[in-house]
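Visitor: I would like to go through this model by asking what stands behind each label. Please set the values against the rules as we go.

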Amino acid sequence: MAQYKGTMREAGRAMHLIKKREKQKEQMEVLKQRIAEETIMKSKVDKKFSAHYDAVEAELKSSTVGLVTLNDMKAKQEALLREREMQLAKKEQLEERRLQLELLREKERRLERKRKISNLSFTVDDGDGDDHCDDRGDDRNEGGMTEASKSKKNLGKNPDVDTSFLPDRDREEEENRLREELRKEWEAKREKVKSEEMEITFSYWDGSGHRRTVRMNKGSTVQQFLKKALQGLRKDFRELRSAGVEQLMYIKEDLILPHYHTFYDFIIAKARGKSGPLFNFDVHDDVRLLSDATMEKDESHAGKVVLRSWYEKNKHIFPASRWEPYDPEKKWDKYTIR
């Protein structure tokens, strides 16, 4: 076999042309196969239509005897075509009706199966199941309804079985309704308590105490209380005339209470401070004649309203040295008074 002799460029070009021809051959083969498949499909479709017309042609030949005119031949052919089409349509309708009947029978069988399953009883009879079935059959034959109604009473769920663990829509709706009623009742009671008035005794502290009283609702915040207290203190103290609520602090039982807390929060939580309870805002002493170590002391001290600037200057001096911010997580089991 002769070998190709030439430059590398010509050899690469020859390889490129060979690959291109092989690709064209593959495309031609795919195209031939596709054309063959389309031809087969067309022949199948033609056969379907030709079978219809072949049957009409055969019937036309068998019913035609002798010479007939062209118009009669065409009229007869059209009549046979219409009759054939009607027969095919009727056959299709019968087939559709048969399928519908089968679907209906299948649906009835499913319903019957579901009915039998739903009529199963959880009660256990001592060998009387067959007798009930026989009695029910006799009553149907006789036309009586008394024994049939008795036998029907034995069907269904057993009322003695505890089904409280099963999901029940009615029970859940009843529970939700009751829960909503309790929530509304609790909210009404809370709003009623918040709207109650109480007397708050406090001292404006600037190194010495100046006691005042003010009436507030239990649902009021500390900021609202300080605003009302500031209105009464401005006429007596010059340094408060230009001060705002944000410049004031409220100290109760040696704890600095935040402005956003309400008095209801301390009352409902039975909060306690370092030197007494935070849920009593009046002033009273423990007047018991006998001291009992097992019982908590019943005494409350007046809260202090202080300028923040005064606290920053004197927080290293008693009593400001004892004050600290209120922390709801911190518990004061014992009161300390010095």
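Guide: Let us begin with accessibility, where buried means under 20% relative accessible area, exposed means over 50%, and partly exposed is what falls in between, with a 1.4 Å probe and protein chains only. The model is predicted, so local features need pLDDT of at least 70 and side-chain atom pairs count only at pLDDT 80 or more, while totals for chains, interfaces and linings use all residues. Residues are numbered from 1 along each chain as its sequence is written, and side-chain values use heavy atoms, with hydrogens and water left out.

Visitor: Why is R212 called partly exposed?

Guide: R212 has a relative accessible area of 28%, and this value falls between the limits of 20% and 50%, so the label is partly exposed.

Visitor: What makes R212 and D236 a salt bridge?

Guide: The term requires a side-chain nitrogen of Lys or Arg within 4 Å of a carboxyl oxygen of Asp or Glu. The side chains of R212 and D236 meet at 3.0 Å, N to O, so the pair satisfies the rule. Because R212 lies in strand β2 (residues 209-217) and D236 in the loop between α6 (222-233) and β3 (248-252), the pair ties together parts that are 24 residues apart in sequence. Helices (H or I, at least four residues) and strands (E, at least two) are DSSP runs, numbered from the N terminus. D236, with a relative accessible area of 44%, is partly exposed.

Visitor: How many salt bridges does this rule give?

Guide: The count comes to 18. Salt bridges that share partners also join E95, R98 and E102 into one network.

Visitor: How do you know that E174 and R177 form a salt bridge, and where do they lie?

Guide: The closest N and O atoms of E174 and R177 are 2.2 Å apart, which is within the cut-off, and therefore the pair counts. Both residues lie in helix α5 (residues 169-194), three residues apart, about one turn of the helix. E174 is partly exposed at 41%, and R177 is partly exposed at 39%.

Visitor: What makes R183 and E187 a salt bridge?

Guide: The closest N and O atoms of R183 and E187 are 2.7 Å apart, so this pair also meets the rule. R183 and E187 are four residues apart in helix α5, separated by about one helical turn. The relative accessible area is 37% for R183, which is partly exposed, and 29% for E187, which is partly exposed.

Visitor: Why is E253 called buried, and what sets its phi apart?

Guide: E253 has 4% relative accessibility, and since this is under 20%, E253 counts as buried. Phi of E253 is near 55 degrees, a positive value in a residue other than glycine, and E253 lies in the loop between β3 and β4 (255-257). Most residues other than glycine have a negative phi.

Visitor: How do you know that D254 is buried?

Guide: The relative accessible area of D254 is 11%, again under 20%, so D254 is buried. D254 is placed in the loop between β3 and β4, and has a positive phi of about 65 degrees although it is not a glycine.

Visitor: Which peptide bond is cis?

Guide: The bond joining F318 and P319 is cis, with omega about 5 degrees. P319 is found in the loop between α8 (308-314) and β6 (324-325).
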